[in-house]
Amino acid sequence: MRAWAVVANEQPLQEIELPTPQPQGTEVLLETTHCGVCHSDIHIWEGRYDLGGGRVMNLKDRGLTLPIAMGHEIVGRVVKLGPDAKGVKVGDLRIVFPWVGCGHCAACQAEEDNMCLTPRSLGVYRNGGYGTHVIAPHPRHLVDPGTIDPAVAATYACSGITVYSAIRKLMPIAPDEPIVLVGAGGLGLNAVEILKALKHRNIVVVDISAEKRAAAERAGATATVDGTGEGATQRIVAACGGQPLAIIDLVNGTATARFAFEALRKGGKLIQVGLFGGELSLPLPLMAIRALTVRGSYVGNPKELRELVALAQDGGLKPLPVELVPQREANAALMRLRAGHVTGRLILRAEAA
Ligand SMILES: [Zn+2]
Ligand SMILES: [Zn+2]
């Protein structure tokens with residue numbers, strides 16, 4: 001198989017030849033057709049996360065070894081089944097759930113694979129969709145995209161379930177209660193569409209870019225707020241008509257976490273999703289007195305992927321803008337995303353597609 005792989009951190013992806021894996025046990029081998037280029041690929045490529053205060057988390061220390069074919073928003077065609085793989089057949093087109101774990105622990109058995117303590121995520125710890133072939137550990141990690149455009153279906157495996165899972169953590173909430181989304185990139189636009197599909201009617205979007213705020217308005221945001229500089233908290237509260245109960249921070253940097261926390265109403269929930277980096281210092285008495293919840297949310301589970309695909313299948317979920325790029329141009333696509341020149345999602349399309 002071929003892969004456009006990270007061979008050294010912060011160096012251009014290299015086209016390399018790897019042995020094509022043979023599916024064992026319940027494993028399924030797929031030929032990649034589409035793969036989204038996600039912002040977290042930039043962190044994997046850099047090899048670290050900024051933890052704030054000058055501290056960094058190195059992915060090498062977390063078990064990530066190079067070379068690695070990144071890419072976790074994968075759609076592929078089944079080409080070979082392990083002897084114990086049931087429920088799919090050669091030729092089937094499937095979304096690949098990438099956030100897989102050990103397969104044996106209580107979390108994995110409960111289909112909460114993303115909570116497994118020994119993650120084997122595709123495109124992070126195992127080769128993913130920046131290669132011509134990919135191994136899914138079990139058929140239950142494969143979801144039929146049905147009539148959904150496979151380029152759009154690919155995005156549900158990360159940006160889709162990441163926002164869907166974060167939204168579920170805010171539920172139940174009245175449809176006219178404002179939900180604040182911080183960040184109007186790929187995740188933010190996806191969140192607007194998913195909230196609309198769930199019949200939520202009050203969506204306030206915060207971003208520092210006028211262009212991205214305009215995209216959020218076109219997508220159907222009720223109101224948008226400029227998150228730049230001083231006064232962001234007050235502008236959010238004004239746009240919501242009072243302090244909001246529910247905020248999803250899709251950026252999750254020092255500045256956004258601060259204004260999101262300050263804007264929350266008594267009993268409010270802040271769901272932290274983004275991996276921008278930085279830190280938040282919490283005034284502890286306020287946490288208790290205002291009965292606040294600050295909760296992290298990491299991707300989603302296979303059940304949520306199936307629910308989201310069903311929601312999209314009903315036609316209630318408008319596809320986010322995608323742009324197809326040849327898979328062999330993975331490096332250029334990654335650099336475009338890094339430079340911030342992408343609205344919506346870049347999707348690598350394999351020659352086999
Ligand atoms: Zn991602
Ligand atoms: Zn596990």
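## Helix packing and zinc sites in a predicted model

Helix 3 and helix 4 pack with their axes 9 Å apart, at an angle of about 60 degrees. That angle makes helix 3 oblique to helix 4, and the crossing of the two is right-handed. Before going further, please keep in mind that this is a predicted model.

What do helix 3 and helix 4 bring to their contact? From helix 3 come Thr 155, Ser 159, Gly 160, Thr 162, Val 163, Tyr 164 and Ile 167, and they meet Leu 187, Asn 190, Ala 191, Ile 194 and Leu 195 of helix 4. Sorted by class, this contact has 7 nonpolar and 5 polar residues, with no charged ones.

Helix 4 has another partner, helix 5. Helix 4 covers residues 186-197 and helix 5 covers residues 210-219; they pack at about 15 degrees, with axes 10 Å apart. An angle under 35 degrees counts as roughly parallel, so helix 4 is roughly parallel to helix 5. Helix 4 contributes Leu 189, Val 192, Glu 193 and Lys 196 here, facing Ala 215, Ala 216 and Ala 219 of helix 5. These residues divide into 5 nonpolar and 2 charged, with no polar ones. The crossing of helix 4 and helix 5 is right-handed.

Further along the chain, helix 6 (residues 232-240) meets helix 7 (residues 254-263): their axes come within 9 Å and cross at roughly 45 degrees. This makes helix 6 oblique to helix 7, and the crossing is right-handed. The contact is built from Ala 232, Thr 233, Ile 236 and Val 237 of helix 6 together with Phe 259, Glu 262 and Ala 263 of helix 7. By class, it has 5 nonpolar, 1 polar and 1 charged residue.

Now for the metals. This table sets out the zinc sites.

| Zinc ion | Donors | Distances | Spacing along the chain |
|---|---|---|---|
| ligand 1 | Cys 38 (SG), His 72 (NE2), Cys 158 (SG) | 2.0 to 2.2 Å | C-x33-H-x85-C |
| ligand 2 | Cys 102 (SG), Cys 105 (SG), Cys 108 (SG), Cys 116 (SG) | 2.3 to 2.4 Å | C-x2-C-x2-C-x7-C |

At the zinc ion (ligand 1), a pair of donors links distant parts of the chain: His 72 is in the loop between strand 5 and strand 6, while Cys 158 is in helix 3, 86 residues apart.

Why is the arrangement around the zinc ion (ligand 2) tetrahedral? Its 4 donor atoms subtend angles of 106 to 114 degrees, which makes it so. For comparison, the ideal angle for four tetrahedral donors is 109.5 degrees. Among these donors, Cys 102 sits in the loop between strand 7 (93-96) and helix 2 (106-109), and Cys 116 in the loop between helix 2 and strand 8 (133-136), 14 residues apart.

Some backbone details are worth a look too. Most peptide bonds are trans, and most residues other than glycine have a negative phi. Where are the cis peptide bonds? One joins Leu 66 and Pro 67, with omega about 0 degrees, and Pro 67 lies in the loop between strand 5 (55-58) and strand 6 (73-81). Another joins Met 171 and Pro 172, again with omega about 0 degrees; Pro 172 is in the loop between helix 3 (150-168) and strand 10 (179-182). Glu 111, although not a glycine, has a positive phi of about 60 degrees. Glu 111 belongs to the loop between helix 2 and strand 8.

Note on methods:
Residues numbered from 1 in each chain as written. Chains lettered and ligands numbered in written order. Predicted model: local features only at pLDDT ≥ 70, side-chain atom pairs only at ≥ 80, totals over all residues. Heavy atoms only, no water. Axes fitted to C-alpha atoms, helices over the stretch in contact; angles between N-to-C directions. Helix = DSSP H or I, 4+ residues; strand = E, 2+ residues; numbered from the N terminus. Parallel < 35°, antiparallel > 145°, perpendicular 65-115°, else oblique. Left-handed = near helix turned anticlockwise from the far one by under 90°. Contact = heavy atoms within 4.5 Å. Nonpolar A, V, L, I, M, F, W, Y, C, P; charged D, E, K, R; others polar. Donors = N, O, S within 2.8 Å, 3.2 Å for Na, K, Ca; no water. Tetrahedral: all angles 85-135°; square planar, octahedral: opposite > 155°, others 65-115°.
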